Amino acid sequence: MHSIMSRPIFSKSTIPVIATFAITLAGTTIPAHALEGKTLFEKLFKTGTEITYDNISESGNGSFSATGVTIKYANGDRSSTIQGLDVKGLIETSEGRLAFDSISATELTGQGRRGGGPFSIEGLVLENSEIPFKIWEDGLNDEEKKQRVKVGALSLTGFNVQQKSGDKFNMGKLSLQNADVPLDWRYDPKGSAKTGAVAAPMTFELFAMTDLSGSTKQGVTWDVATIAIDGANIPTSISATVDEWMQIYKSVNVGKITAALGGVELFSMDSMTGTIGKPDGEGTIPSFSEIKNINVNLKSIPDPQFQTVSKQLGYETLQVDMVGDGTYNPNSGALGIKNMAMNFKDMADLNITYNMTGYTKEVANALQQTQIKIAGGANPQTSYMELLPILSNLKLSDFKLGLTDKSLTGRLLDFQASQMGTTGDQLAQGAPMMIGIGMGGLNMPEFTEMVTKAVGSFLQNKGTLSVEAAPAEPVSIVNVVLAGQADPTKVPEMLNLKISGN
């Protein structure tokens with residue numbers, strides 16, 4: 001399930017359209033009067049930058065075509081070349097912005113900014129866009145940050161870069177459709193504390209990257225088939241409301257991922273998908289996520305002790321599938337997980353469901369503001385104590401957990417027994433007695449008997465261990481925690497807790 005508390009981090013350096021276009025436009029100078037075409041293009045670079053062309057043809061209306069473009073930057077430490085450049089409708093707007101119908105470039109090569117390594121791009125097409133002149137500058141003031149980058153369409157193909165560290169990155173294609181990107185982001189504590197209205201969310205219809213690959217100086221190679229986000233609506237401040245975070249995207253899809261070292265696969269994942277649906281008539285928002293076939297090569301973990309235990313347990317790989325299916329209603333505060341399943345191949349299956357009430361907008365926002373205060377240096381214990389009155393409205397309606405054995409229990413018993421000079425079956429037979437002794441000090445005879453029977457049955461029969469909380473009425477989670485600290489014997493009764501082994 002999509003986590004409503006997740007917070008993606010965005011900044012100027014991480015917005016793909018900005019990073020990509022910066023390759024061509026390296027500096028800024030706002031003209032004293034409206035310019036267009038070749039003249040405007042050259043004015044975008046810092047004074048002292050030398051731009052030459054093998055051939056150039058200007059056609060008016062801010063348009064020109066050129067071949068063999070060479071850009072020698074003013075500081076003299078780098079240069080870029082563009083084999084073919086076609087610009088249509090490049091003008092300075094009355095608001096002092098850069099606007100154009102299209103910019104197409106082929107065979108771009110050069111050196112990255114600020115000591116970056118060499119790069120190459122087979123093709124770049126940017127259409128129907130408006131960009132602030134000062135977008136590349138550091139230290140934009142608040143007024144300048146009110147501007148936005150607007151992109152009709154961006155297509156970039158054949159991007160390759162090698163850092164001085166030796167790391168390499170390759171991308172087959174990047175696509176961006178109908179993007180509206182703000183310059184004012186307030187995710188850090190200092191930015192969150194700023195006064196004044198925050199910028200409207202960053203939006204785009206589609207962002208997709210395909211055929212990603214790379215390597216590190218340590219020798220790790222990796223591949224990602226595709227990353228695609230559809231219908232993004234990303235808040236610009238960490239203090240955005242829960243409603244806004246629940247609209248962060250319509251869907252996200254990640255294709256197959258692999259990582260290897262020295263030709264030996266370390267990790268792979270077949271796919272990851274996630275969706276956030278539209279609210280129904282009552283305002284309930286559905287969400288769904290699924291991860292297929294995570295595969296971790298346990299033999300590749302460089303820990304001798306881990307390798308010894310892994311070998312004795314008989315596991316060479318860890319294979320996992322995950323599914324999350326839930327709903328949330330910001331108006332009523334109802335939060336539920338229909339099913340959260342984790343399936344560990346040849347180990348065990350874990351299934352969880354629950355329903356909560358009271359996670360309203362007010363509670364979510366109060367919790368969020370507390371987290372911002374703590375990030376800004378406030379004392380965590382004091383901050384959360386101040387939050388207890390409002391968190392008392394957060395209540396658990398029901399909870400179920402099921403752990404189904406698929407050989408892990410037997411292997412763990414056999415492993416532990418081998419350390420004790422006994423057998424796994426003997427250890428399972430004696431487990432209820434040991435649990436009873438351990439829980440004796442709690443003075444909870446009925447609950448202790450229920451636990452010992454359930455765990456004993458699970459260990460001996462290798463079936464399913466179930467834990468269920470079904471209070472007659474929703475119970476405050478804060479009250480449960482406080483009761484657990486004052487008198488733990490009250491907790492099973494408050495939750496109407498039942499534990500069984502089948």
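Strands β17 and β18 form a hairpin with 3 residues between them. Within the turn of this predicted model, Asp346 has a positive phi of about 60°. Strand β17 covers residues 334-344 and pairs with β18 in the antiparallel sense over 8 bridges. One position in this pairing is that of Phe344, which stands opposite Ala348 in β18. Strand β18 also pairs with strand β19 (residues 395-405): 10 bridges join the two, and they run antiparallel. Here Leu350 has Leu403 in β19 as its bridge partner. In a regular strand, side chains alternate between the two faces of the sheet.

After β18 (348-357) the chain enters a loop that leads to helix α6, and Thr360 lies in this loop. Is Thr360 buried or exposed? Thr360 counts as buried because its relative accessibility is 16%, and the cut-off for a buried residue is under 20%. Leaving aside neighbours within four places in sequence, Thr360 is in contact with Tyr328, Pro330, Asn331, Ser332 and Gly333.

**A second hairpin**

Strands β10 and β11 also form a hairpin, with 4 residues between them. Gly219, in the turn, has a positive phi of about 100°. Strand β10 spans residues 202-215 and strand β11 spans residues 220-234; the two pair in the antiparallel sense over 12 bridges. Ser213 stands opposite Asp223 of β11 in this pairing.

Strand β11 has further antiparallel pairings. With strand β13 (residues 257-261) it forms 5 bridges, and Trp222 stands opposite Ala259 in β13. With strand β12 (residues 251-254) β11 forms 4 bridges, and Ile227 stands opposite Val254 in β12.

**Salt bridges**

How many salt bridges does a search of the whole structure find? The search finds 12. Side chains of opposite charge can pair when their charged atoms come close. The table gives three of these pairs, with the distance between N and O atoms.

| Pair | N to O distance |
|---|---|
| Lys361 and Asp243 | 3.4 Å |
| Asp270 and Lys256 | 3.0 Å |
| Lys373 and Glu386 | 3.3 Å |

The salt bridge of Lys361 with Asp243 links distant parts of the chain, with Lys361 in helix α6 and Asp243 in helix α4 (residues 242-245), 118 residues apart. Lys361 is partly exposed, its relative accessible area being 28%. Asp243 counts as partly exposed as well, at 22% relative accessibility.

The side chains of Asp270 and Lys256 also meet in a salt bridge. Asp270 belongs to strand β14 (residues 264-276) and Lys256 to the loop between β12 and β13, so this pair ties together parts that are 14 residues apart in sequence. Asp270 counts as partly exposed at 32% relative accessibility, and Lys256 is partly exposed with a relative accessible area of 40%.

In the pair formed by Lys373 and Glu386, two helices are linked: Lys373 is in helix α6 and Glu386 is in helix α7, 13 residues apart. Lys373 counts as partly exposed at 41% relative accessibility. Glu386 counts as exposed because its relative accessibility is 52%, and the cut-off for an exposed residue is over 50%.

**The two sides of helix α7**

Helix α7 comprises residues 380-391, and in it Ser383, Leu387 and Leu391 are buried. Why do these residues lie on the same side of α7? They cover an arc of only 80° around the axis, and therefore share one side of the helix. The buried residues of α7 pack against α6 (361-375) and α11 (477-486). On the other side of α7, the exposed residues are Gln381, Met385, Glu386 and Pro389. Glu386 is thus both an exposed residue of α7 and the salt-bridge partner of Lys373.

**A nonpolar surface patch**

Met433, Met434 and Ile437 make a nonpolar surface patch of about 360 Å². Of these residues, Met434 is found in helix α9 (residues 424-439). Met434 counts as exposed because its relative accessibility is 54%.

Technical notes:
Residues numbered from 1 in each chain as written. Predicted model: local features only at pLDDT ≥ 70, side-chain atom pairs only at ≥ 80, totals over all residues. Heavy atoms only, no water. Pairing = 2+ DSSP bridges. Patch = residues over 30% accessible without salt bridge, like charges linked within 9 Å, V, L, I, M, F, W, Y side chains within 5 Å. Areas by Shrake-Rupley, 256 points an atom, 1.4 Å probe, with all protein chains shown as cover. Salt bridge = Lys/Arg side-chain N within 4 Å of Asp/Glu carboxyl O. Buried < 20%, exposed > 50% of the residue type's maximum accessible area, 1.4 Å probe, protein only. Arc of directions from axis to C-beta. Contact = heavy atoms within 4.5 Å.
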